[in-house]
Amino acid sequence: MKKIFYPRLAWMGIWKNKRLYIPYILAGMGMAMMFYIVAFLNTSEVLLSIPGGNILQEMMGMGLSVITVFSLLFLFYTNSFLNRRRKKEFGLYNILGMGKWNLARILVWESLISAGLSLAGGLVSGIVFSKFAELGMVNLLHGEITFLLTIGTKAVIETLKRFSVIFLLLLLCTLWQIHKASPMELLHSENAGEKPPRANWLLALAGAAILGTAYYMAVSIKEPVDAMLWFFVAVIMVILATYLLFIAGSVAICRLLQKNKNYYYKTNHFVSVSSMVYRMKRNGAGLASICILCTMVLVMVSGTACLYIGTEDGLRSRYPRNINLDISAGSPEFLESGTFDAVRELVRRTIEEQGALDAHGKLSDEKNTAEKGKTKAENILDYRTAEFAGYVDDGKIYTDDFGELAFQVRSYAKSWQIFVVPVEDYNDLMGADETLEPGEALLYTTKSEYEKDTVTLNGEKTLKIKKVVPDFVDNGVDAMQIIPSMYLFVPDLPEVISPLEELVTDRGTPVLGLHWIYGFDLDCKDEVQIQIQDQLHTALSQMLESAENSMGLAFSCEGAAKERAGFYGLYGGLFFLGILLGIVFVFAAVLIIYYKQISEGYEDQSRFEIMQKVGMTQKEVRQSINSQVLTVFFLPLFMAGVHLAFAFPLMQKMLLLFSLTNMKLIIGVTVVCFLIFALFYMLVYRITSRGYYHIVRSGAD
Amino acid sequence: MSILEVDGLKKTYTTRFGGNKVEALKKVSFSVEEGEYVAIMGESGSGKTTLLNILAALDKPTGGVVKLDGWDFSKIKESAVAAFRRDNLGVVFQDFNLLDTFSLEDNIYLPLVLAGKHHSEMSLRLAPIAMQLGITDLLKKYPYEVSGGQKQRAAVARALITNPRLVLADEPTGALDSNAMEELLRLFGEINQNGQTILMVTHSVKAASHAGRVLFIRDGEVFHQIYRGNNTNEQMYQKISDTLTMLTTKTSWQEGKLAGKAEGGRKS
């Protein structure tokens, strides 16, 4: 009998407070489930076997720590809600003669029960949904789908370990609070006489100023590199400002409205405004958290969705053609040598041979034989360039002191990758007909703009910029780097670069790199393209070795087909992680909303009873509740929308660094994400407000 | 002319699981004249709170009629009840029922705001009432900052500010200490002197002794009443005590009932 006394009390405690406990246990389940899923994917064999899967698993590893930290914070938050409402009950037990020790025993049992339910539920649903997650992920990676349900033992153990620790910490925290409090405090903790909140104008104005600055920064930043650097500063400022505005700003605005007597003393405003002051004081922090979570979800999901949907774009920028050859050398005579023709011929022959082979490298059937020779290099990219990195300041490009500056954050924004290209190559590629005098140049820039009309190379050669051209072919180097690129098209390449030829960096490598870029598209399957690429690689290395390689030729041979899986692994992984974390954050936001509604319901119950007694009609009471609940509920969503709108320019610039330039796509994806989210938010509102009305009404009847 | 007429009022509660029926009010009939100050006395469970709730239109009777200025309560639409209460009745509660999110001033304004009055009119109306009740200096304070007596005076101001036909008070001194109680009762007397009709429900002899007429309720029926006549408050107090003593003595209960009816009949 005595043995089951405490478990029984604990169980009754949970059952009687099910309106509070069920969401808490659900929260625990949800967190455990998400953790398990991510842990499972992190160790899944199926994923590992798919190309790109390893990159994805690394990302899941990062996701794990994010979820752990977030679970801890979030469960603490929900647990504090529980504690606040249950203190009265404990006070009563205490007065009825239960010692703190007995209370502790009840609490231990309660924690055991809730932790047990959370973990069991979380693991079961985790195991069920992990298969869906795995399928989703395999699909993202364009891999083969299997329908075998597996249980990740490692993941289960990891989940149990981490969440046991979290629940233990929660229990200790609760015990400590009970230990500190006196019975009378416990009894009255729920309704201590509350002072009317004062408007803290200083904090409110600070919030507005910080938010304004952050917004201004977001809108005014031009350089993608700056965007990257300042994004995190802006994020922190926005978070701070959101808290300040929701906590202090809202109260200040209500106070201002109260001062305007003609506005305040109106049936529609009177009750709403005066209760809003208290509501915002109590819920400001919660609402700000909801707002920030919403913004995070939106930015994360839309950003990663853009990346994923734009994977092909990114792939195309990084690998401008299906196959890309880059032959480089140290000495300028290479640029005029006959090597190019030999390589062109080699490529033609290789394609002819390989183009008709099947995936096993054999001349398999007639169809393929018939198609022999049909596969051709198309869309050919063929140009020479001299490239170097430089520090651009006031119309001058410095290369020598760049090494020291490279590690200074500030200098990053002034660093450029410079490509000098013969103007005849430009004309050939772009179908243009530009003629330049010596000392003149055409300019093209990516990611940023160059505003001077002359450019001086290393203080010696000054080029006059004849005009800025709108476009040039993509370049893999440019796509990989976060610094902007500057293309100078000149009539006399060897002449222009001569001052740079002898320069070396402080690591002893030449500053200048001379390249011949030869790329082409193929209209055959990825497998065949990979074969062609491999074959070319072998042939090229043989050729360059056998030739008198006096010029120190080096080459690279890259193909989009071979890298596609890796790209999908990276961007698909980011997207998937974005969705998973998005679910976790949304889950948290929903719970905060729910608890807020419930606790407000209890607080408003007596208030609305009085109002009815004093002469408010049912309808007026309902209207007033509605307007308050709607304001409180949709304010965070509205603010999240505004945050997202201002984050957009920054986001767009950062996506530029990932070679995503498709503005329409980015806007579309962001808007769709917001709409889906808003729809979901309204759904949550409908469900949670029912709980609220139930409580308020049960008091009024 | 009678301002309030109550005729054959009946209220039956059904217990939660059906079956048992509890008769809170059996058959209550009385009337209140314009400018009268009536106290209704009874012990706990005698049905006096039920009666007041019905008079304040917070509850509906099972049978019988309540008329205010000839308006039958049962004819008022459900949706209009709150507005009717707001416009015609001022209610003072035992536990004040002040909203803690409002200052005293805003609490007092609440019925006027709900009635859609302009702010300038509200402050014009409040000034004399606040003066009379001695709360002018407290108006900007919040309920948690003032004493029980002060809270109750604010609640009285809220009841008076709509110029109601009838002020209903439900055990208004129940939560007050004796000084605050004296003060409040004095104010009620003063308000009544100015022509305000008051109906108070109480079980305090002291409170009842300030009224012009005292009705006694027992077991859901009015069975006795005392008129002040020319008696002082002290004499009234004595009379009420005597009546209560007489009524609570088991043996005299039948006689008392008869005697009460006889007395009541003679005086009216």
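In this predicted model, A:Val124, A:Val128, A:Phe129 and A:Phe132 make a nonpolar surface patch of about 400 Å². One member of the patch, A:Val124, is found in helix H5 of chain A. A:Val124 has a relative accessible area of 55% and is therefore exposed, the cut-off being over 50%.

Helix H5 of chain A, which spans residues 100-140, also contributes two or more residues to the lining of the largest cavity. The structure holds 4 cavities of 30 Å³ or more, and the largest encloses about 160 Å³ of space. Its lining comprises 15 residues, of which A:Tyr21, A:Tyr24, A:Asn79, A:Ser111 and A:Thr174 are the closest to the centre. Besides helix H5, the elements of chain A that give two or more residues to this lining are helix H2 (18-43), helix H4 (53-95) and helix H6 (153-180). H4(A) gives the most, with 5 residues. By residue class, the lining of the largest cavity divides into 8 nonpolar, 5 polar and 2 charged residues.

Over all chains, the whole structure has 24 salt bridges. Three of the pairs are tabulated here with the distance between nitrogen and oxygen.

| Salt bridge | N to O distance |
|---|---|
| A:Asp341 and A:Arg344 | 2.8 Å |
| A:Arg344 and A:Asp382 | 2.8 Å |
| B:Arg165 and B:Asp69 | 2.4 Å |

A:Arg344 takes part in a salt bridge with A:Asp341 and in another with A:Asp382. The bridge from A:Arg344 to A:Asp382 runs from helix H13 of chain A to strand S2 (residues 378-393) of chain A, so it ties together parts that are 38 residues apart in sequence. A:Asp341 and A:Arg344, in contrast, both lie in helix H13 (residues 339-354) of chain A; because they are 3 residues apart there, about one helical turn separates them. A:Asp341 is exposed, with a relative accessible area of 52%, while A:Arg344 is partly exposed at 28%.

In chain B, the salt bridge between B:Arg165 and B:Asp69 links distant parts of the chain, 96 residues apart. B:Arg165 sits in the loop between helix H5 (148-160) and strand S7 (166-170) of chain B, and B:Asp69 in the loop between strand S4 (63-68) and strand S5 (71-72) of chain B. Both residues are partly exposed: the relative accessible area is 26% for B:Arg165 and 27% for B:Asp69.

A further group in chain A consists of A:Glu158, A:Lys161 and A:Arg162, which are joined into one network by salt bridges that share partners.

Conventions
Residues are numbered from 1 along each chain as its sequence is written. Chains are lettered from A and ligands numbered from 1 in the order in which they are written. This is a predicted model: local features need pLDDT of at least 70, side-chain atom pairs count only at pLDDT 80 or more; totals for chains, interfaces and linings use all residues. Side-chain values use heavy atoms; hydrogens and water are left out. On a 1 Å grid over the protein atoms alone, a cavity is a set of points where a 1.4 Å probe fits but cannot get out, and a pocket is an open set with protein on both sides within 12 Å along at least five of seven lines; lining residues have an atom within 4 Å of a point. Grid points are joined across faces, edges and corners, and a volume is the space filled by probe spheres set on the points. Helices (H or I, at least four residues) and strands (E, at least two) are DSSP runs, numbered from the N terminus. Ala, Val, Leu, Ile, Met, Phe, Trp, Tyr, Cys and Pro count as nonpolar, Asp, Glu, Lys and Arg as charged, and the others, Gly among them, as polar. Patches are made of residues with over 30% relative accessible area and no salt bridge: like charges are joined within 9 Å, nonpolar side chains (Val, Leu, Ile, Met, Phe, Trp, Tyr) within 5 Å. Accessible areas come from the Shrake-Rupley method with a 1.4 Å probe; for residues, only the protein chains shown count as cover. A salt bridge is a side-chain nitrogen of Lys or Arg within 4 Å of a carboxyl oxygen of Asp or Glu. Buried means under 20% relative accessible area, exposed over 50%, partly exposed in between (1.4 Å probe, protein chains only).
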